[in-house]
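Student: I should like to take a close look at one part of this protein. Could you guide me through it step by step?

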Amino acid sequence: MRVRDGYVVHREVLDESRLETVAQKGTWSTKPTVSERMKDMLRCSVSQVKNVLLTWIPILSWLPKYPFRENIISDLMSGCSVGIMHLPQGMAYALLASLRPVLGLYSSLYPVLVYCIFGTSRHISIGTFAVISIMVGSVTERLAPDSNFILNGTNGSEIVNLAARDSYRVQVACSLTVLSGIFQLLLGLVKFGFMVTYLSEPLIRGYTTASACHVCVSQLKYLFGVKPARFTGPFALVYIITATVVTYFCGLNTEYSVDVVGEIPTGFKPPRAPDTTLFSQLIGDAFAVAIVGYAINISLGKTFAIKHGYKVDSNQELVSLGLCNTIGGLFRCYAVTSSMSRSLVQESTGGKTQVAGMISSVIVLIAVLKIGSLFEDLPKAVLSTIVFVNLKGMFKQFMDLPMLWKTNKVDLLVWLVTFISTILLNLDLGLAVSIGFSMLTIIFKTQLPRYSILGNVPGTELYLDIDAYKEAKEIPGIKIFHSSATINFTNAEMYLESLQEKSGIDIGKLQTEKKKQEAKQRREQEKQKKREKDEAKKNVCILLNKNKDNQNGVVLSMPDTDSDISGKGQINWGYHSNRVTSDSDSDSYEVFTVDSNQGEGGKKSCCRSGTHSIILDVSVTSSMDTVAVKTLKNIFSDFGDVGVTIYLAGCQACVVEQMERANFFSEAVPKSCLFVSVHDAVLHIFKKLGQEDNDFDVSCVTQM
């Protein structure tokens with residue numbers, strides 16, 4: 001019922017059993033069975049074939065509906081702008097990959113056309129990218145270093161066979177690209193697009209910032225015109241920097257000729273299969289390139305999709321990017337992904353669809369076929385400058401640090417660890433370390449949840465942390481325990497320990513005291529039996545003597561005995577204090593027996609704090625493994641032994657089903673101990689104890 005500025009709810013208290021009846025819980029499954037899914041996959045019809053084609057080839061769904069008059073001008077302007085950016089960036093980023101500049105132009109052509117057909121984002125620009133280029137370059141330089149192509153020159157000098165070196169590096173780069181594309185295709189086909197969620201935004205931003213530093217260092221040799229020795233592996237960044245500084249300032253570069261782009265062949269070469277013998281050496285690098293490329297691509301794609309109100313299919317993006325790399329690798333392209341700078345230009349200049357990408361490919365095609373020779377005398381230092389300018393956005397990511405310091409220090413730690421490990425250990429090892437560290441933070445978060453005792457806000461059904469809210473008051477005799485994380489095998493023991501600490505009930509000590517009390521009672525009972533036995537013997541002797549004296553004519557007078565001695569000579573020892581002081585060394589720990597009405601099933605409560613009921617708020621628990629189920633069973637059993645009744649509140653339906661499959665419920669733990677909310681459990685306890693008219697302000701009607 002609605003009231004002004006609030007609401008009033010009238011309903012019965014619902015436990016799980018009653019909820020299933022009222023809400024008519026079904027036992028059916030809405031998910032199709034495996035056989036049904038197989039039948040759907042094998043069933044062939046015109047509509048199903050059409051759906052498959054539209055899903056796997058998205059251009060068939062949007063190109064026939066393309067609004068030519070509304071979009072063609074904006075897509076044309078956007079495509080020309082992006083195409084012009086492709087030319088210098090493609091050649092510049094090819095230098096990062098330690099490849100000839102023309103391969104950067106190839107990588108700006110073929111993959112773009114493939115993505116236009118299979119991609120789902122309307123605004124991202126596929127092609128060369130600094131981070132992926134430097135990752136490819138680290139592989140090409142490792143497997144094809146200059147030292148492997150040394151020739152003896154005139155006067156005993158040594159020269160590098162550049163033609164042989166560049167040719168082999170192309171083979172390495174293309175094989176790496178095809179293999180990374182195969183990984184992306186396979187992951188996309190098995191619907192593994194969700195894996196990118198394990199690469200958090202701080203991780204990606206820290207990684208790309210560190211990669212930008214690697215890119216800058218790799219371009220120093222072109223800016224200073226020096227040729228330092230090449231280094232790969234951990235700490236390679238430090239060795240590059242050192243060699244460049246020594247070479248430049250010591251005047252070791254005796255030749256002052258400016259290094260230029262060199263020959264750019266016109267036309268295209270036929271496709272060539274990759275060198276599969278290299279795959280065994282490239283597996284780790286290819287997987288890293290596949291993951292990083294996809295992470296960058298999907299993050300940019302989703303950003304534009306949210307801004308413009310359409311959906312990007314994460315699995316189809318994996319497939320499309322895999323096809324870009326697999327097909328591109330056959331045509332001498334190296335690994336690609338979306339570029340932030342080009343994508344922003346494509347979106348800001350009015351691009352509406354991937355028609356803009358097709359137009360940009362035409363610009364690159366013209367450059368390769370007709371005007372490529374115009375770039376042959378372009379100094380490599382100019383291309384390096386282009387690279388530096390394009391990295392401006394990545395270096396701005398250093399501004400994340402003060403923001404993360406204020407908002408989330410765990411994310412700040414992930415950012416810093418990713419950055420430092422990538423700087424020192426190179427791109428591949430740095431990525432592995434950063435992912436591993438990110439996973440550890442997730443584990444630590446589940447291992448270190450926040451545990452709290454909840455109290456009721458008077459006059460409402462709200463139950464809040466009593467340490468955080470002054471108005472939240474504990475309900476006498478009831479402890480409401482809340483965990484901020486799902487209960488699972490990693491934190492189940494901590495959950496039990498925190499429950500005992502927060503509730504003030506030490507199960508182990510109480511059980512020990514209970515055993516001592518029971519042992520003392522047994523000793524008293526044994527003494528009582530012995531007294532009764534001795535008293536019976538004494539009475540028998542007296543009767544015998546009395547009969548004997550009667551026979552002799554002597555009458556003996558018996559003294560008055562206690563009125564509690566019955567005709568059988570037994571004494572009632574049942575009256576004793578119900579306050580039992582513990583024999584333990586602790587002089588402050590006492591055990592009190594409370595009336596059995598406060599416990600479930602006639603059990604007596606032995607809590608010094610007067611707690612007779614505990615409500616476990618499990619509303620945040622989304623799943624429950626066998627360890628968690630066993631822990632809850634032990635909680636019900638152990639607390640029940642000391643007379644404290646346990647209730648569960650806020651169980652999700654999927655958790656209840658998991659508990660049923662694990663045989664959690666029994667006669668000792670019925671479903672009636674589960675309630676839909678904490679408030680329902682509290683009202684049930686009051687009703688059970690006959691305290692419906694209690695003095696504490698917890699009403700069955702909530703008015704706000």
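Student: At what angle do α12 and helix α14 (residues 340-348) pack, and how far apart are their axes?

Tutor: The model is predicted, and its local features need pLDDT of at least 70, side-chain atom pairs count only at pLDDT 80 or more, and totals for chains, interfaces and linings use all residues. Residues are numbered from 1 along each chain as its sequence is written, and side-chain values use heavy atoms, with hydrogens and water left out.

The protein chain holds 24 helices and 14 strands (DSSP runs numbered from the N terminus: H or I of at least four residues for helices, E of at least two for strands). Of its 704 residues, 44% are buried (buried means under 20% relative accessible area, exposed over 50%, and partly exposed in between, with a 1.4 Å probe and protein chains only). Among contacts between residues at least 6 apart in sequence, 79% join residues at least 24 apart (a contact means heavy atoms within 4.5 Å).

Now to your question. Two packed helices are described by the angle between their axes and the distance between the axes. For α12 and α14 the angle is about 20°, and the axes are 11 Å apart (axes are lines fitted to C-alpha atoms, for helices over the stretch in contact, and angles run from 0 to 180 degrees between N-to-C directions). The two helices are therefore roughly parallel to each other (angles under 35 degrees count as roughly parallel, over 145 as roughly antiparallel, 65 to 115 as roughly perpendicular and the rest as oblique). Their crossing is right-handed (the near helix is turned clockwise from the far one by less than a right angle; anticlockwise would be left-handed). From α12, Leu-300, Phe-304, Lys-307 and His-308 take part, and they meet Met-340, Ser-343, Leu-344 and Glu-347 of α14. This contact of α12 with α14 consists of four nonpolar, two polar and two charged residues (Ala, Val, Leu, Ile, Met, Phe, Trp, Tyr, Cys and Pro count as nonpolar, Asp, Glu, Lys and Arg as charged, and the others, Gly among them, as polar).

Helix α12 (residues 279-308) also packs with α9: their axes come within 8 Å and cross at roughly 60°. The helices α9 and α12 are therefore oblique to each other, and this crossing, too, is right-handed. On the α9 side, the residues in contact include Val-172, Leu-176, Leu-179 and Phe-183, while those of α12 include Phe-279, Leu-282, Ile-283, Ala-286 and Tyr-294. In the contact of α9 with α12, 14 residues are nonpolar, three are polar and one is charged.

The partner α9 can be checked for length. With 28 residues (162-189) at 1.5 Å a residue, α9 should span 40 Å, and its end C-alpha atoms are indeed 40 Å apart, so the two values agree (the expected span is 1.5 Å times one less than the number of residues). Just after α9, Lys-191 has a positive phi of about 60°.

Finally, consider one residue of α12, namely Gln-281. Because its relative accessible area is 43%, Gln-281 counts as partly exposed. Setting aside residues up to four places away in sequence, Gln-281 touches Arg-142 and Leu-143. The C-alpha atom of Gln-281 is separated by 9.6 Å from that of Val-139, although these residues are 142 residues apart along the chain.
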